[in-house]
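Let's take a friendly walk through this structure together. Keep the model open beside you and follow along as the pockets and helices come up.

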Amino acid sequence: MSDTSIRDDIGISQKAEMPRYSTRIAKVMNSGLYQKTLGAAVNSRYGRVILLAGFPLLWLIFLHVGPIYQMLKISLMSQYPLPAGSEPQYTLDNYAIFFQESIYFTPLIRSFFFSLFATAATLIVVYPVAYYVAKIVRPEGRSKALLLLLVPFWAGELIRTFSVIMLLANRGALNVFLREIGLIDRPIQMLYGPFSLTFGLIYLVCLYMLLPLYSAIEKIPSSYLDAAADLGAGPWTRFRRIILPLSKEGIISGCSLVFLTTVGVFATPMLLGGPGTVMFPETISGFFHGASNKWPVGAAFAIIMLVTALTAAGIFMRLVGGRKRRVI
């Protein structure tokens, strides 16, 4: 039997099965239970809105807004967990501790400094890669190129952090390579300082910068660049007047994601940082690892970090994305 006849028989059998499924679906839709429940919602405009938005709203409330609300509630308590039979007492003293003790202010500033620096460095490192994949690689090979770039991110945060340690250690791959080519005689101390922490943060979050940039650059019509080249615009002019303005949305999204991720990262600073690079999340964790009556203080510090980070990201998005620029 030929392949054509086999495909014809399969098509006939599939067509024969379709009326059966249609009949079953029609029976379900005509049943009284369906008409009183899901059918009534589908036939109503507001019901369709509720069905479409219901799951995302539940996801947002229970997995995002709910935990933040609980954290805010704990931050206002004088004690948590509450003893059996006692009523919660609310106070602002937990927030006052942050402003009264300057020792807590330094890790917050340090976290923001490293996050801003890591965001800028990630943008500089990743932008050429995103442009190469979006404009230089042929369209049929872009999916494979992206897949190769995403492979390291299949591993977890700890595995990638330990890979950075093996790369930058005194007997790591980088020191061994520098010694083999004769540039150094003894290992260079790269770990447990600002360099290793910044390097690890960039490696950890570069994916959040790559995807928005690639999406924005890939949408730029190549005809714009060709027309600018025909008019005499050089590579730098084309980048400054066309590519950069039209990829601004990707820059804003990528920088916001990277900043908000790095400012709250916990494991990487502990493994790659040193005594002089203690970040604010480590300070917050100390209150939860200690006595139970310190939980409200840790919750208050977490709310302070959340509000400060969101405010900084909002200001950045407003300043960078607030004004429209003309192309050429």
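**Pockets, helices and one charged pair**

Helices α6 (105-136) and α10 (194-218) each supply at least two residues of the lining of the second largest pocket. Before you zoom in, bear in mind that this is a predicted model. Which helix gives the most to this lining? It is α10, with 8 residues. In total 14 residues line the second largest pocket, and V125, V126, I202, Y203 and C206 are the closest to its centre. The volume of this pocket is about 270 Å³. By class, its lining holds 13 nonpolar residues, 1 polar residue and no charged ones.

Stay with α6 for a moment, and look along its length. With 32 residues at 1.5 Å a residue, α6 should span 46 Å, and its end C-alpha atoms are indeed 46 Å apart, so the expected and modelled spans agree. Where does α6 bend? The bend, of about 35°, is at V126, and a proline, P128, follows within four residues. You have already met V126, as one of the residues closest to the centre of the second largest pocket.

Now turn to α10 and to charge. A search of the whole structure finds 1 salt bridge. It joins the side chains of E218 and R142, with 3.6 Å from N to O. The two partners come from distant parts of the chain, 76 residues apart: E218 belongs to helix α10 and R142 to helix α7 (residues 142-150). As general background, side chains of opposite charge can pair when their charged atoms come close. Are the partners buried or exposed? E218 is partly exposed, because its relative accessible area is 33%, while R142 counts as buried because its relative accessibility is 14%.

Just before α10, in the loop between α9 (173-180) and α10, you will find Y192. Its backbone deserves a look: Y192 has a positive phi of about 60° although it is not a glycine. With a relative accessible area of 48%, Y192 is partly exposed.

Next, move to the largest pocket, which has a volume of about 370 Å³. How many residues line it? There are 16, and L260, G264, A302, M305 and L306 lie nearest its centre. Three helices, α4 (45-75), α15 (280-289) and α16 (295-321), each supply at least two residues of this lining. Of the elements involved, α16 gives the most, with 6 residues. The lining divides into 14 nonpolar residues, 2 polar ones and no charged ones.

That brings us to α16 itself. Its 27 residues, at 1.5 Å each, should span 39 Å; the end C-alpha atoms are 38 Å apart, which agrees. The buried residues of α16 include P296, V297, F301, A302, I304 and M305, with A309 and A313 also among them. Two of these names, A302 and M305, are familiar from the list of residues nearest the centre of the largest pocket. An α-helix has 3.6 residues a turn, so residues three or four places apart point the same way.

Finally, step across to helix α15, where I284 lies. At 8% relative accessibility, I284 counts as buried, since the cut-off for that class is under 20%. How far apart are I284 and M305 in space? Their C-alpha atoms are 9.5 Å apart, and the two residues are 21 residues apart in sequence.

Methods. Residues numbered from 1 in each chain as written. Predicted model: local features only at pLDDT ≥ 70, side-chain atom pairs only at ≥ 80, totals over all residues. Heavy atoms only, no water. 1 Å grid on protein atoms, 1.4 Å probe; cavity = no way out; pocket = protein on both sides within 12 Å on 5 of 7 lines; lining within 4 Å. Points joined across faces, edges and corners; volume = space filled by probe spheres on them. Nonpolar A, V, L, I, M, F, W, Y, C, P; charged D, E, K, R; others polar. Salt bridge = Lys/Arg side-chain N within 4 Å of Asp/Glu carboxyl O. Buried < 20%, exposed > 50% of the residue type's maximum accessible area, 1.4 Å probe, protein only. Expected span 1.5 Å × (residues − 1). Bend = angle between axes of the 7 residues up to and from the residue.
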